[in-house]
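Visitor: I am new to this structure and would like a close look at a single part of it. Please take one helix and walk me slowly through its surroundings.

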Amino acid sequence: MVANPYLDVDKEILGEVYTSSEPMDNLIVLCDEFGSRFPGTPGDRGAVEYMVEKLRSYGLEDAHFETFKIPGWVRGKATLRIVEPIEKELECISLPHTLAAEVEADLVYLGDGPIEVYEKRKKEIEGNIVMVTSRTPVGMRRPLHRTEKFHRSILAGAKGFIFMNHYPAYGPPTGGVSPIIPAVGLSYEDGQFLVRLLKRKGRVRLHLKTTDRNVEQTSFNVVADIPGTSGEEEYVLVGAHYEGHDIAQGAIDSGSGACVVMEMARVLNKVRERIKRRIRFLCFGVEEIGLYGSKAYVEQHEDELPRLRFMLNLDAAGSAGRKGVILHGLPELEPLFRRFAEEMKAEVPIGQRVSPYSDHWPFFLKGVPTGSGGDLEAWVRRGGRGYGHTRYDTVDKVELRYMRNAAANYSRLILRVANVDEWPARHRTEEEVREVIKAQGYLETIALAEKVREYVSEWEDLHPDTKAWLERRGSW
Ligand SMILES: [Zn+2]
């Protein structure tokens, strides 16, 4: 049996977490008062001021927000019309960073869009409108992200992109792309209608029009610290993005994550005299359309990164399921985390996987040891977002018990990470980072984004939004 040196602290933390509804109270305000918190909306600034105020009221005196500029985006109306063999208008929504454009072309349906299909059907795709589902194709050992399907379609010559929800009854999905060709989300039902029509008639001609604007905007990161008693410069960081997609409340993804981070700040501050090294709490802005908040943080705090022991990303921490940790290719940390879980007597499944699609990524690329909240086994079984990234990600679906479980597990865990003297992980070199990415099969994904840039830069009559995008040194 493993002795628990923090039994008294654990009891205090758990007592606080389970006798308060603070995370749910905060989440309701974030969602109902400030809406999506999407960059450029008035609710973004309002939410940030609210979070800072709350954190100060918890006793984190230095809580503040930091500002950064982003290539922002303002949604316009999108229309998708079938022009042949029948006339019919379908409801669709632009994917963030889409440009204002108009195209009339044939529909090419690629199913789940497995990676080999784009080259294979290049002749058909050339000059036409591709439709793929939001599902990762059967048999893939890593998730196939929307952006990769988008990029592969462009390289095959697509002039429009339709992203069909693979879940019924959740409406059209959203999710960021780049301003290259018009891209829209379509519901499962309308997508299936198109699939049947195409099958019966052999050819479907579509008219797709988008009216979005790509503009510079400002957004924010909320930062607060518990300084730690040792005075050492080494520190740990826990964060989650607070904003959602513009069409939703972004309640699970990731208002719930931000509220769990705030709850951790609240309860850990009550035991601050027992915390050795600094714990920094981050609520990131603008994750959804390009990880801009975490990128900005990493840039603005570059000099502090070498002393960052561990970064834990709690994106969508209020979702259902066990509150474990997925380490990003760090087997050397596994025995330690398992020991922590054992002494906590808590269900904290530990897994290993690297994924580039959330706020840990800019830290990971700098060599910082990182992990995400979650349960790898459940992810493998479930696969996909459900109502995430649709307008139905609303606060009524979030359950307090999951936010409590998250706050309880991660508070106790991060306290141990901040306190343990024998920390077995070190920062990776650039070369080592690359090796890990390669082993996970993402090198091709990165190369793909580069290839798209090269390919698009040779186009004539570039749209001004595309030009501006090319001029920005994009990371993928
Ligand atoms: Zn998220």
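Guide: What follows is a walk around helix α6, its helix partner, the sheet beside it and the domains of the chain. Please keep in mind throughout that this is a predicted model.

Helix α6 spans residues 146–155, and it packs with helix α15, which covers residues 443–457, at an angle of about 40 degrees, the two axes lying 10 Å apart. An angle from 0 to 180 degrees that is neither under 35, nor over 145, nor within 65 to 115 counts as oblique, and α6 and α15 are therefore oblique to each other. Their crossing has a hand as well, and for α6 and α15 it is left-handed. On the α6 side, the residues that take part are Glu 148, His 151, Arg 152, Ile 154 and Leu 155, while α15 brings Thr 445, Leu 448, Ala 449, Lys 451, Val 452 and Tyr 455 to the meeting. Sorted by class, the residues of this contact between α6 and α15 comprise 6 nonpolar, 2 polar and 3 charged.

We can turn now to the sheet. It is an open sheet of 8 strands with mixed pairing, and its strands follow the order β3-β2-β9-β5-β6-β7-β8-β4. At its edges stand β3 (88–90) and β4 (92–94), each of which pairs on one side only. If direction is ignored, neighbouring strands of this sheet are turned against each other by 35 degrees on average. Within the sheet, β7 (residues 160–164) and β8 (residues 183–186) pair in the parallel sense over 4 bridges, and Phe 163 has Gly 185 in β8 as its bridge partner. Helix α6 packs on this sheet, where it touches β6 (129–133), β7 and β8, and its direction makes about 150 degrees with that of β7. Another helix, α7 (residues 188–201), lies across β3, β5 (101–109), β6, β7 and β8, and runs at about 65 degrees to β5.

To place these elements in the chain as a whole, it helps to consider the domain assignment, which gives domain 1 as 7–73 + 215–430 and domain 2 as 79–211. The centres of the two domains, taken over C-alpha atoms, are separated by 33 Å. Where domain 1 and domain 2 are in contact, 15 residues of domain 1 meet 14 residues of domain 2. The side of domain 1 that touches domain 2 consists of 6 nonpolar, 7 polar and 2 charged residues.

Technical notes:
Residues are numbered from 1 along each chain as its sequence is written. This is a predicted model: local features need pLDDT of at least 70, side-chain atom pairs count only at pLDDT 80 or more; totals for chains, interfaces and linings use all residues. Helices (H or I, at least four residues) and strands (E, at least two) are DSSP runs, numbered from the N terminus. A crossing is left-handed if the near helix is turned anticlockwise from the far one by less than a right angle, and right-handed if clockwise. Two residues are in contact if their C-beta atoms, placed from the backbone, lie within 7 Å. Ala, Val, Leu, Ile, Met, Phe, Trp, Tyr, Cys and Pro count as nonpolar, Asp, Glu, Lys and Arg as charged, and the others, Gly among them, as polar. Domain bounds come from an automatic or database domain assignment. Two strands pair if DSSP finds at least two bridges between them.
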